[in-house]
Amino acid sequence: MNGFESITKLGGYIILFSVFQGVIKKYLHLSGRLCMSCGGVTEMTTGITALAGTGWSLTFLYPMLLGITAFGGICVAAQTKSMLAGTDLSFGPYVWAKLTNFLLTGLLAFLFVEII
């Protein structure tokens, strides 16, 4: 029963953040790149799918897709926080490591695109 509860929580977060991403797109009138990037950072799966279909230049798109994949999105952070509840594990170092991973992956991917 505990496993079922955990899976339901994780699926609920995905649905919640996908809906939140839709609200951002509909009600916040942001520029195209900013709106799509916010979507990817909010919920990785639907955000990456939306970004991949934009047809933007590889110089911007490739580092962004890899960075978002490395970070996992705010949804993944919320899922992790939920699973860490009731344990003595700290959430702060996890978030800092994910943000660092996002920045380094994006930077290295950008350099890779520029060099090649």
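Q: In which helix is the place of M36?
A: This is a predicted model, in which local features need pLDDT of at least 70 and side-chain atom pairs count only at pLDDT 80 or more, while totals for chains, interfaces and linings use all residues. Residues are numbered from 1 along each chain as its sequence is written, and side-chain values use heavy atoms, with hydrogens and water left out. Helices (H or I, at least four residues) and strands (E, at least two) are DSSP runs, numbered from the N terminus. On that basis, M36 is placed within residues 32–42, which form helix α2.

Q: Is M36 buried, partly exposed or exposed?
A: Buried means under 20% relative accessible area, exposed means over 50%, and partly exposed lies in between (1.4 Å probe, protein chains only). M36 has a relative accessible area of 23%, and therefore counts as partly exposed.

Q: What distance separates the C-alpha atoms of M36 and I24?
A: Along the chain, M36 and I24 are 12 residues apart. In space, their C-alpha atoms are separated by 9.7 Å.

Q: What pattern does the protein follow along the sequence?
A: The protein has 6 helices and 0 strands. Its C-alpha atoms fill a box of roughly 50 × 30 × 20 Å, taken along the principal axes. Read along the sequence, the pattern is α-α-α-α-α-α.

Q: What share of the residues in the protein is buried?
A: The protein has 116 residues. Of these, the buried residues make up 28%.

Q: Which residue meets K9 in a salt bridge?
A: A salt bridge is a side-chain nitrogen of Lys or Arg within 4 Å of a carboxyl oxygen of Asp or Glu. By this rule the count comes to 1 salt bridge. The N to O distance is 3.8 Å, and the partner of K9 is E5.

Q: Why are K9 and E5 separated by about one helical turn?
A: An α-helix has 3.6 residues a turn, so residues three or four places apart point the same way. K9 is partly exposed at 37% relative accessibility, and E5 is partly exposed with a relative accessible area of 45%. K9 and E5 are separated by about one turn because they are 4 residues apart in helix α1 (residues 2–27).

Q: How far apart in space are G11 and Q79, C-alpha to C-alpha?
A: G11 is found in helix α1 and counts as partly exposed, at 28% relative accessibility. Q79 is one of the buried residues of α5. Although G11 and Q79 are 68 residues apart in sequence, their C-alpha distance is 9.1 Å.

Q: How far apart are the end C-alpha atoms of helix α5?
A: The expected span of a helix is 1.5 Å times one less than its number of residues. Helix α5 (residues 73–84) has 12 residues and should therefore span 16 Å. The distance between its end C-alpha atoms agrees with this, at 17 Å.

Q: Which residue takes a positive phi just after α4?
A: Helix α4 covers residues 58–71, and its end C-alpha atoms are 19 Å apart, in agreement with the 20 Å that its 14 residues should span. Its buried residues include L61, M64, I68 and F71. The residue that follows α4 has a phi near 95 degrees, and it is G72.

Q: Which two helices each supply at least two residues of the lining of the largest cavity?
A: On a 1 Å grid over the protein atoms alone, a cavity is a set of points where a 1.4 Å probe fits but cannot get out, and lining residues have an atom within 4 Å of a point. Grid points are joined across faces, edges and corners, and a volume is the space filled by probe spheres set on the points. The search finds 1 cavity of 30 Å³ or more, with a volume of about 40 Å³. The lining is made by F71, G73, V76, A77, Y94, V95 and K98, and the two helices are α5 and α6.

Q: What is the area of the nonpolar surface patch that includes L107?
A: Patches are made of residues with over 30% relative accessible area and no salt bridge, where like charges are joined within 9 Å and nonpolar side chains (Val, Leu, Ile, Met, Phe, Trp, Tyr) within 5 Å. Accessible areas come from the Shrake-Rupley method with a 1.4 Å probe, and for residues only the protein chains shown count as cover. L107 lies in helix α6 (residues 92–115). Together with L108, F110, L111, F112, I115 and I116, L107 makes a patch of about 760 Å².

Notes:
1 Å grid on protein atoms, 1.4 Å probe; cavity = no way out; pocket = protein on both sides within 12 Å on 5 of 7 lines; lining within 4 Å.
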